[in-house]
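Let's take a walk through the inside of a protein. Keep the picture in view as you read, and look for each part as it comes up.

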Amino acid sequence: MISSLRLTSSNLTSSEFFNRKSPVPWPNLPLQSSDCCALKHVDRSLSTNKPLHISSVENLSFPTKSSQRSTVCKAYEAESRPLQINIELPDEQTAQKLKIGLYFATWWALNVVFNVYNKKVLNAFPYPWLTSTLSLAAGSLMMLISWATRMVDAPKTDFDFWKSLLPVAVAHSIGHVAATVSMSKVAVSFTHIIKSGEPAFSVLVSRFLLGEMFPLPVYLSLIPIIGGCALSAVTELNFNMTGFSGAMISNLAFVFRNIFSKKGMKGKSVSGMNYYACLSLLSLLILTPFAIAVEGPKLWADGFQSALSQIGPNFIWWLGAQSMFYHLYNQVSYMSLDQISPLTFSVGNTMKRIFVIVSSIIIFHTPVRPINAIGAAIAILGTFIYSQAKL
């Protein structure tokens, strides 16, 4: 449509265009309607309910005494039908599932990385007491820096908190160093197969020491757990009693850690991240003097020189990586406890064992007999059944 009429594109409709008798204002041009009111080439099929938008204005000028102004204004009719755009945003439940999945994936990946570097360090530097202490020291240092720089809010604790945390830290120290001793003697996969028997220790300790009763399916789930672990131990190609005993002691210690943790944390408002940070600090204070007494600085110095001569500077990176990733994977696991139920956490822990066992066999080319693999599968299946039976 072409018109000499001055229009504003923001609020003028077709009906106003045809029926307006008063002057139509053009920005900054207060002209009278007599200046121009001739319409040329008007399309009468235009809707009277749709706004007009100006596309161009030609020959815009002011009239003189000897001439009349002829301004051409081209406009087009706007589409006024509403657009229907459906954007599906994830609901709260879907977002929570994605968050839990991210926690699990991070937890498992960090655990695999830790086990790989931990085994590399122990192969070249067979001093599990020191490596256990260093992993606690690295995590403690990371959290102290986070608190000091206010990257993480420091927990508000009191004497009762640290008093309730003490038995948890003792059990955690024993379980941590026992598992490291086990890995220094046997394959990573074998240690985790034995550690998958932890639910059996949990039920037995709770039944005979705490007097807690469980449904029959819980007791029945112990049969494949114990049977599978026993079958794997008997058929292990590189069986070592120290490695087997370390994994069993670690199971028992972590059961007591969980029991003490549940009792001591009732009514406490400390996040999972800060709780594990405090646990690492206290465990470090407990473990350090024992590490010095069992191994000592002289053995550490000799072992460090030997490892450097064999591996080179990469050994320092291995040592730092195993210390850092130990803290990170445990921290993520405690953070996930804030988001999920204990049952979901137990299932995630079972799946983590599978992830670590398979990954370590592939990475370290661990020889596995078919009967040994069957035993591991039975034990892990029993652990999964146990987690479902406790629901």
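## The nonpolar core

Keep in mind that this is a predicted model. Start with the largest nonpolar core, which has 48 residues. Which of them touch the most other members? They are Trp107, Phe125, Trp147, Leu165, Tyr275, Leu279 and Phe315.

Several helices chip in two or more residues each: H2, H3 (128-148), H4 (159-185), H9 (272-294), H10 and H11 (314-337). Helix H9 gives the largest share of this core, with 12 residues.

## Val121, tucked away in H2

Now find Val121, which sits in helix H2. Is Val121 buried or exposed? Its relative accessibility is 0%, so Val121 counts as buried.

Next, pick out Ile316. Along the sequence, 195 residues separate Val121 from Ile316, yet in space their C-alpha atoms are 9.2 Å apart.

## Helix H10 and its two sides

Helix H10 covers residues 297-311, and you can check its length yourself. With 15 residues at 1.5 Å a residue, H10 should span 21 Å, and because its end C-alpha atoms are 21 Å apart, the two values agree.

Which residues of H10 are buried? Trp300, Gly303 and Ala307 are. Those three cover an arc of only 70° around the axis, so they lie on the same side of H10. Turn to the other side of H10 and you meet Lys298, Gln305 and Ser309, which are exposed. Right after H10 comes Gly312, and its phi is positive, near 95°.

## A hole inside

Last stop: the empty spaces. Rolling a probe the size of a water molecule over the atoms shows where space is left empty. How many cavities of 30 Å³ or more turn up in a search of the whole structure? The search finds two.

Let's peek into the second largest cavity, which holds about 30 Å³ of space. Its lining is made by Val112, Asn115, Val116, Val356, Ser359, Ser360 and Phe364. Helix H2 (92-124) and helix H12 (342-364) are the elements that give two or more residues to this lining. The largest share, four residues, comes from H12. As for character, four of the lining residues are nonpolar, three are polar and none is charged.

Methods. Residues numbered from 1 in each chain as written. Predicted model: local features only at pLDDT ≥ 70, side-chain atom pairs only at ≥ 80, totals over all residues. Heavy atoms only, no water. 1 Å grid on protein atoms, 1.4 Å probe; cavity = no way out; pocket = protein on both sides within 12 Å on 5 of 7 lines; lining within 4 Å. Points joined across faces, edges and corners; volume = space filled by probe spheres on them. Nonpolar A, V, L, I, M, F, W, Y, C, P; charged D, E, K, R; others polar. Expected span 1.5 Å × (residues − 1). Buried < 20%, exposed > 50% of the residue type's maximum accessible area, 1.4 Å probe, protein only. Arc of directions from axis to C-beta. Core = buried A, V, L, I, M, F, W, Y, C linked by side-chain atoms within 4.5 Å.
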